[in-house]
Amino acid sequence: MTVESTAARKTTRRSSGAKRTTSAASAKKAPAAQSAEPELVQLLTPEGERVQHPDYDIDLSAEELRGLYRDMVLTRRFDAEATSLQRQGELGLWASLLGQEAAQIGSGRALRDDDYVFPTYREHGVAWVRGVDPTNLLGMFRGVNHGGWDPNSNNFHLYTIVIGSQTLHATGYAMGIAKDGADSAVIAYFGDGASSQGDVNEAFTFSAVYNAPVVFFCQNNQWAISEPTEKQTRVPLYQRARGFGFPGVRVDGNDVLACLAVTRSALERARRGEGPTLVEAFTYRMGAHTTSDDPTKYRRDEEREAWEAKDPILRLKAYLEREGHADEAFFEALEAESEALGKRVREGVRNMPDPDDIAIFENVYADGHSLVDEERAQFAAYQASFADGEVK
């Protein structure tokens, strides 16, 4: 055997050994990669079975469980009626919450009366639990007012159309609460798409540095209009909080019990002076982004069907029936209440009075302003020209 062949054979053995060592190392790393999967806090499975969680748990009475179910059913009914009204030309636009009822009702029911809410334009369920009349939500979408309710009456701010800006408002409000020495908390809602906005990241920075009592509640419904979540982030959204210096948690956004437990814990942490928390409610937008959107252009039917099997309302109903917490009479009465709500909303929208044309100039400034006065006079004269039959 030549020296060259012996050396080649030794090289081959060394290479094989290196490969075996590399393979063994890869095998050892595999479990670590699996453990890196995001933990999803869940208390109610899609089949409606109750499970426990070591860090988050909740004990609710049958009446409280029925209340959560009622909230979700009525919110969905209102949402469906609003969508129909838009299709009939009664509203200019509507942003449906279909599929996100558990995230909103669970988090909303975790709030105290003295807590303050900063919503986007889709938090119809949170508005419901805060006592905002559903018809008041529709005035802006009909174009007859700029909001429709007094934010201070329900500690529920007006809907925010600008993506992500409400997180800064919430952070500033929370900083003010801390300076006042109050023990209340603030919650800011936004979506997965908004998490890419500079305003949201600035809010994270300020809230962490100033230890603001705010909960950032991100409803990750998988789609920012037509952009999937993987185009927004390379890591699970809740992990972003770590880089700003505060905790994040991912909760099953279709599990109303888990959303209630996790949000309640985050709010209590804020009230204790321990700073912000990011809650990522992992859910799904079963409808379109808004009524001007066509989701069939960018997502598959199979995807929606898979999430429909995790419907938040059906899973709680299954649990109520399994545990004997609700009977047929309860469901029938709720169905009748649901239809009555739809009728009230339908009639309320169609009977909304048109706004005063000049009202748009009111409240632009706290005090009078010469330029606004001039513009008001010009617009009034223009409107008057129609009444005289003279168009200028």
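In this predicted model, helices H7 and H8 are roughly parallel to each other. The reason is the crossing angle: their axes cross at roughly 15°, and angles under 35 degrees count as roughly parallel. H7 spans residues 165-180 and H8 spans residues 198-209. The two axes come within 7 Å. Their crossing is left-handed.

Which residues make the contact? H7 supplies Ser165, Thr167, Leu168 and Thr171. H8 supplies Asp199, Val200, Glu202, Ala203, Phe206 and Ser207. By character, the contact residues split into four nonpolar, four polar and two charged.

Phe206 leads on to the aromatic rings. A pair of aromatic rings is described by the distance of the centres and the angle of the planes. Across the whole structure, a search finds 24 aromatic pairs. One of them joins Phe206 and Tyr210. Their rings are stacked, 6.0 Å centre to centre, with 10° between the planes. Phe206 counts as partly exposed, because its relative accessibility is 44%. Tyr210 is also partly exposed, with a relative accessible area of 48%.

Phe361 and Phe379 form another pair, and this one is tilted. The centres are 5.8 Å apart and the planes differ by 55°. The pair links distant parts of the chain, with the two positions 18 residues apart in numbering. Phe361 sits in the loop between helix H13 (328-350) and helix H14 (370-387), while Phe379 lies in H14. Is Phe361 buried or exposed? Phe361 is buried, at 14% relative accessible area. Phe379 is partly exposed, at 28%.

Some rings gather into a cluster. Phe78, Trp94, Phe141, Trp149, Phe156 and Tyr159 form one aromatic cluster.

Definitions and conventions
Residues numbered from 1 in each chain as written. Predicted model: local features only at pLDDT ≥ 70, side-chain atom pairs only at ≥ 80, totals over all residues. Heavy atoms only, no water. Axes fitted to C-alpha atoms, helices over the stretch in contact; angles between N-to-C directions. Helix = DSSP H or I, 4+ residues; strand = E, 2+ residues; numbered from the N terminus. Parallel < 35°, antiparallel > 145°, perpendicular 65-115°, else oblique. Left-handed = near helix turned anticlockwise from the far one by under 90°. Contact = heavy atoms within 4.5 Å. Nonpolar A, V, L, I, M, F, W, Y, C, P; charged D, E, K, R; others polar. Phe/Tyr/Trp six-rings, centres within 6.5 Å; stacked < 30°, edge-to-face > 60°. Buried < 20%, exposed > 50% of the residue type's maximum accessible area, 1.4 Å probe, protein only.
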